Amino acid sequence: MRFVDEFRDGELGRAVAAQILGAVDPGRHHKVMEVCGGHTHSIYKYGIDDLLPANVELVHGPGCPVCVIPMGRVDDAIDVAHRPGVLFTCFGDMLRVPGSRGTLLDAKAAGADVRIVYSPLDALRLARENPDREVVFLAIGFETTAPSTALTLSRAKAEGLTNFTCLCNHVTIVPPLRALLDSPDLRLDGFIGPGHVATVVGARPFEFIAAGYRRPVVIAGFEPLDLLQAVLMILRQLGEGRCTVENQYTRVVPHEGNVKALEIMAEVFELRPHFEWRGLGFISQSALRLSNAYADLDAEIRFEVPGVRVADPKACQCGEVLKGVIKPWECKVFGTACTPEHAIGTCMVSPEGACAAYYNYGRFAREREVV
Amino acid sequence: MTAVPTPSTCAEGHCITCSDEGIEMEVVATAGHVAHCLDPDGAAAEVDVALVDAVAPGDTVLVHAGVAIAKLEAIA
């Protein structure tokens, strides 16, 4: 398929890997963070790690929207799902995310009507088809997903649907990046910027990283050649002493983002003063809630959601993995008490999570290395 | 919005709906704000194109959670 096949060309990939070898400073150790969970997945799936010199290390960032949801928000969702008459909808990954008293899948087994949807528009269709039920959509995701939720809510409002609400957990990418950059235990040389978030928000929101923190940022696509080229562009910036935001993903990302999507998000959402991130704590203005104009469609208001705060499990080191301080296999419970089948932490639940991606693709290669 | 693959069968163990990753799809036909598209595996999907400029058959769009968030530009 056009825009896909040409970015999976093995010969070109090896050529870019050779250029990386020529561009890297052999006397330095470079740590580059891929912000997005989709990038983490691609890196493991295509073995990008194996094509890089030993002194270029990829660090996995906080860009998995499932991984950063705290247990208290899952408990809130389960609480709403059990209310009489509620038809609760969510994306597939959220079903297995553990709260303090089980998962949404457990709630479904216990009798709650919990259904997977592919799009919030599917949840809206369920609301139209079930006028006697209260249909709730559990919204998660960064700025890539928020436009589809915003579009759905604007349609619900225009249609005057009274049995549809949204439990909003949308988060924004810039505040956690700023928090990471301010973290004293973090040492990073550059960032692979999230290509699909940037499709919506554009390149400008990432400029503070280059201007204020003197770190190169390269916004990248998700195919193997995209990621290799992004690493090469970062190494070239470092070699030349430059720090700018560059766009490797020009076939998709316009500098100004998607203006229509940003407009509808601005109408439907407003920033929350604070939001708790799993492993990262409370971060100011890092999440979205429904604006006053959409208060009638806000599940938190309609169901008077308790908003319970629950501490992360003590054994879980998701926070350190999310900050890139430790690798997944360095976590005390990785692959033993915490596996994709029986996950303790969210990084193992979501296929986008660094732990699950590493468990599924990377651990065998490491086992070979150790032997 | 009906889409293939079905929500419960994430391709290759990778749930692009839940992640912040879109998928390139080719537009086959349009009807109002809905475009009938094919994903890279040839599976059919209905996509809402209200948030991108007008699309026509043959265009490629980036789709996330049933909504097109970008129209791809030809590579120079």
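Analyst: Quick bit of vocabulary: a helix axis here is a line fitted to C-alpha atoms over the stretch in contact, and angles between axes run from 0 to 180 degrees between N-to-C directions. Also, this is a predicted model.

User: Okay, what makes H6(A) and H7(A) roughly parallel to each other?

Analyst: Helix H6 (residues 120-129) and helix H7 (residues 146-159) of chain A cross at roughly 25 degrees, with axes that come within 8 Å. Angles under 35 degrees count as roughly parallel, and therefore H6(A) and H7(A) get that label. The crossing of H6(A) past H7(A) is right-handed.

User: Which residues make that contact?

Analyst: From H6(A), A:Pro120, A:Leu121 and A:Leu124; from H7(A), A:Ser148, A:Thr149, A:Thr152, A:Arg155 and A:Ala156. Sorted by class, the contact of H6(A) with H7(A) has four nonpolar, three polar and one charged residues.

User: And why is H1(A) called roughly parallel to H11(A)?

Analyst: Same kind of check. Helix H1 (residues 10-23) and helix H11 (residues 224-240) of chain A pack at about 15 degrees, their axes 9 Å apart. The cut-off is under 35 degrees, so H1(A) is roughly parallel to H11(A). Their crossing is left-handed.

User: What meets what between H1(A) and H11(A)?

Analyst: On the H1(A) side you'll find, among them, A:Leu12, A:Val16, A:Ile20 and A:Ala23, while the H11(A) side includes A:Leu225, A:Leu228, A:Leu232 and A:Arg236. By class, this contact of H1(A) with H11(A) has eleven nonpolar, four polar and one charged residues.

User: How do you know that H2(A) is mostly covered?

Analyst: Count neighbours: a residue is buried if 20 or more other C-beta atoms lie within 10 Å of its own. In helix H2 (residues 37-46) of chain A, nine of the ten residues are buried. They are A:Gly37, A:Gly38, A:His39, A:Thr40, A:His41, A:Ser42, A:Ile43, A:Tyr44 and A:Tyr46. Just past the end of H2(A), A:Gly47 has a positive phi of about 70 degrees.

User: Zooming out, why is chain A called as compact as a globular protein of its length?

Analyst: Its radius of gyration is 21 Å, close to the 21 Å that the globule rule gives for 371 residues, so the label fits. The C-alpha trace spans about 65 × 45 × 40 Å along its principal axes, and 53% of the residues of chain A count as buried.

User: How many helices and strands are there in chain A?

Analyst: There are 16 helices and 13 strands. Also, of the contacts in chain A with a separation of 6 or more, 77% come from residues 24 or more positions apart.

Terms used. Residues numbered from 1 in each chain as written. Chains lettered and ligands numbered in written order. Predicted model: local features only at pLDDT ≥ 70, side-chain atom pairs only at ≥ 80, totals over all residues. Helix = DSSP H or I, 4+ residues; strand = E, 2+ residues; numbered from the N terminus. Parallel < 35°, antiparallel > 145°, perpendicular 65-115°, else oblique. Left-handed = near helix turned anticlockwise from the far one by under 90°. Contact = placed C-beta atoms within 7 Å. Nonpolar A, V, L, I, M, F, W, Y, C, P; charged D, E, K, R; others polar. Rg over C-alpha atoms; globule rule 2.2 N^0.38 Å. Buried ≥ 20, exposed ≤ 12 C-beta atoms within 10 Å, placed from the backbone.
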